[in-house]
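Me: Please take a close look at the salt bridges in this model. Tell me which residues pair up, where they sit, and what lies around them.

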Amino acid sequence: MTAMTLEHRVPSLTRRERVILANLSEDATLEQIARRLYVTRNTVKTQVRSVYRKLGVSSRAEAIAKAHEYQLAD
């Protein structure tokens, strides 16, 4: 697969969504993520749903796998 093809398939995540995705891979609860980022749990839930929607997944494990597939994770 060429870089151009991969680039067109990679979902566009905001900076905050990338932060949320990184925190999801650390096995932190939504409450823990919220405390780290100084936001409410509901804000994190909303951002997680947005990440899931953009990645086309429905679980944390799927999101982490897609992040690795799209090279969004470190």
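Reply:
**Salt bridges and their surroundings**

A search of the whole structure, which is a predicted model, finds 4 salt bridges. Three of them are described here, among them a link between helices H2 and H4.

Start with Glu 17 and Lys 54. Their closest N and O atoms are 2.8 Å apart. Glu 17 belongs to helix H2 and Lys 54 to helix H4, so this salt bridge ties together parts that are 37 residues apart in sequence. The two ends sit in unlike surroundings: Glu 17 is buried, at 7% relative accessible area, whereas Lys 54 is partly exposed, at 26%. For Glu 17, 7% counts as buried because the cut-off is under 20%.

Next come Arg 35 and Glu 31. Their side chains meet at 4.0 Å, N to O. Both are in helix H3, 4 residues apart, so about one helical turn separates them. Arg 35 is exposed, with 54% relative accessibility. Glu 31 is partly exposed, at 36%.

Then Lys 66 and Glu 69. The closest N and O atoms of this salt bridge are 3.9 Å apart. The two residues lie in helix H5, 3 residues apart, again about one helical turn. Lys 66 is partly exposed, with 23% relative accessibility. Glu 69 is partly exposed too, at 42%.

Lys 66 also leads to the nonpolar core. Leaving aside neighbours within four places in sequence, Leu 55 is in contact with Lys 66, and also with Pro 11, Leu 21, Ala 63, Tyr 70 and Leu 72. Leu 55 is one of the residues with the most contacts inside the largest nonpolar core, along with Ile 20 and Leu 21; this core has 19 residues. Helices H2 (15–24), H3 (30–37), H4 and H5 (60–69) each give two or more residues to this core. H4 gives the most, with 5 residues. In soluble globular proteins, nonpolar side chains tend to be buried together.

Now back to H4, which spans residues 41–55 and includes Gln 47. Gln 47 is buried, with a relative accessible area of 17%. Beyond its neighbours within four places in sequence, Gln 47 is in contact with Arg 16 and Ile 20.

One last spot is the loop between H2 and H3, where Thr 29 lies. Thr 29 is partly exposed, at 41% relative accessibility. Thr 29 and Arg 41 are 12 residues apart in sequence, and their C-alpha atoms are 9.5 Å apart in space.

Definitions and conventions: Residues are numbered from 1 along each chain as its sequence is written. This is a predicted model: local features need pLDDT of at least 70, side-chain atom pairs count only at pLDDT 80 or more; totals for chains, interfaces and linings use all residues. Side-chain values use heavy atoms; hydrogens and water are left out. Buried means under 20% relative accessible area, exposed over 50%, partly exposed in between (1.4 Å probe, protein chains only). Contact means heavy atoms within 4.5 Å. A nonpolar core is a set of buried Ala, Val, Leu, Ile, Met, Phe, Trp, Tyr and Cys residues joined through side-chain atoms within 4.5 Å.
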